[in-house]
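Let's take a walk through a protein model together. Have a look at the fold before reading on, and keep it open as you go.

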Amino acid sequence: MHKRDNTLFSTLTYRLPDRFPVVASLEMRMEQAGRYLRIPHVHNVLEVGYCHEGRGTFSIADKMFPFRAGDVVVINQHEPHYAANGLGVTSLWSWIFFDAPKLLAARGVSPAILDTNRFCGGAFQNVLGADKCPGVTSTVKLVIEELKGRRAGHEDAVRGMILSLLVQLQRLDGLAGAPGAAGAGREFMQRLEPAIRIIQSRCSERVSVGELARACAMSPTYLGRSFRRMFGRSPYQYLQQYRLSMAASELEATDWTVEAVAEKYGFPTLSCFVRAFKKMHGVPPRRWARGSRAPRAAKSDSSGLPSLS
């Protein structure tokens, strides 16, 4: 189905059938250290995922999004990305990969609808929930059911549903005018991958910049410069955002108290957690826990978290 480069940073090349260029991996259980889940990668076709169970965080280019059950993720070929489950959580996903022009161009669909290059960039909301985009999530669920059941006429049904999905995605706010330089940081993503792994596995602990730099065989100064080029923030700011994104996912999907989540993700005091959470997500954690979700991934700096020493 695909070929994977034997490197820490993966490029997944999907060879899709010419007649029906759609492949799917349905209801895959992604463990805490799943095969691809925590490895930065890009691929050559559009990827659409549906989260059946679990919660965690997606890092897509320089953006970070919490995800939970019922969310859809849309990622094109220009943005390096990886996902991490919440601490102690296993997630269940279905993944659909397709080549839109090959699938639909012969049926007279407008090239503008088939242009998936626009599904990227700083303002594009890659993770879509049923609360904000019910049409997108319901359409993806129908595609999954058709691919799973493979009943008579399922290929034509999937073509129609994918066309509907593309129209809905093209109507979203924040579409890029062109791919831009979203894929320009692949070399940096590969070199920073050891530091990313440490941050993921020890996000509730103190982690020093020196330790991250040694893991990447860089000086602390060059590590900071590389993080800013790849993610638009320092290693410390990246760790802050990662913790807060994980905390937001935990508050959405569990009945844990705000105090328990703050402690779980290493915040020294509740007030410190509340200040940082509100700065990143725009609402206090208690309101977020009652169902409020941020309109887009936060890209601003946060303060008041356990520091990189």
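## How far to trust it

What is the mean pLDDT of the protein, and what percentage of its residues reach 70 or more? This is a predicted model, and its mean pLDDT is 83, with 83% of the residues at 70 or more. That confidence isn't spread evenly. Helix α3, residues 134-149, has the highest mean at 97, while strand β1, residues 2-4, has the lowest at 43.

Two stretches deserve some caution. Across residues 33-37 the pLDDT stays under 50, and the model gives this stretch twelve contacts beyond four places in sequence. Residues 292-307 also have a pLDDT below 50, and here the model shows 55 contacts beyond near neighbours in sequence.

## The overall build

Now for the parts list: the protein has eleven helices and eleven strands. It is 309 residues in length, and 54% of them count as buried.

How do the contacts run along the chain? Take the contacts between residues at least 6 apart in sequence: 74% of these join residues at least 24 apart. Met64 gives you a pair to look up. This residue belongs to strand β7, residues 63-68, and Met246 comes 182 residues away in sequence, yet the two C-alpha atoms are 9.9 Å apart in space. Is Met64 buried or exposed? Its relative accessible area is 2%, so Met64 is buried, the cut-off being under 20%.

## Two nonpolar cores

Here's a general idea to carry with you: in soluble globular proteins, nonpolar side chains tend to be buried together. In this model, the largest nonpolar core has 38 residues, and the members that touch the most others are Leu192, Leu223, Phe227, Tyr238 and Phe273. The elements giving two or more residues to this core are β9 (81-85), α5 (186-201), α6 (209-215), α7 (220-231), α8 (235-253), α9 (258-264) and α10 (270-281). Which of them gives the largest share? That's α8, with eight residues.

Try clicking on Phe273. Setting aside neighbours within four places in sequence, Phe273 has contacts that include Leu244, Ala247 and Leu251, along with Val258, Val261 and Ala262. Phe267 and Pro285 are also among its partners. There's a second, separate core too, with 31 residues, including Val74, Leu103, Leu128 and Leu175.

## A hole inside

How many cavities of 30 Å³ or more does the model have? The count comes to one, and the volume of this largest cavity is about 40 Å³. Its lining is made by Val48, Ile96, Phe98, Val140, Val143, Ile162 and Leu165. The elements that give two or more residues to that lining are β10 (91-98), α3 and α4 (154-170).

What kind of residues line this cavity? Seven are nonpolar, with no polar and no charged residues in the lining.

## Around the helices

Go back to helix α3 and find Leu142, which lies in it. Leucine counts as nonpolar, but don't assume that every one is buried: Leu142 has a relative accessible area of 47%, so it is partly exposed, the class between 20% and 50%. Met161 is 19 residues from Leu142 in sequence, and their C-alpha atoms are 7.6 Å apart.

Next, look for Arg214 in helix α6. Arg214 is at 62% relative accessibility, so it counts as exposed, the cut-off being over 50%. Ala195 is 19 residues from Arg214 along the chain, and 8.8 Å separates their C-alpha atoms.

## Two backbone oddities

Finally, check two backbone angles. Which residue in strand β3 has a positive phi although it is not a glycine? That's Glu27, whose phi is about 50°, and its strand, β3, covers residues 22-30. Glu27 is partly exposed, at 37% relative accessibility.

Arg150 also has a positive phi without being a glycine, with a value near 50°. Where is Arg150? You'll find this residue in the loop between α3 and α4. Arg150 is exposed, and its relative accessible area is 57%.

Conventions: Residues are numbered from 1 along each chain as its sequence is written. This is a predicted model: local features need pLDDT of at least 70, side-chain atom pairs count only at pLDDT 80 or more; totals for chains, interfaces and linings use all residues. Side-chain values use heavy atoms; hydrogens and water are left out. pLDDT is the predictor's confidence in each residue, from 0 to 100. Helices (H or I, at least four residues) and strands (E, at least two) are DSSP runs, numbered from the N terminus. Contact means heavy atoms within 4.5 Å. On a 1 Å grid over the protein atoms alone, a cavity is a set of points where a 1.4 Å probe fits but cannot get out, and a pocket is an open set with protein on both sides within 12 Å along at least five of seven lines; lining residues have an atom within 4 Å of a point. Grid points are joined across faces, edges and corners, and a volume is the space filled by probe spheres set on the points. Buried means under 20% relative accessible area, exposed over 50%, partly exposed in between (1.4 Å probe, protein chains only). A nonpolar core is a set of buried Ala, Val, Leu, Ile, Met, Phe, Trp, Tyr and Cys residues joined through side-chain atoms within 4.5 Å.
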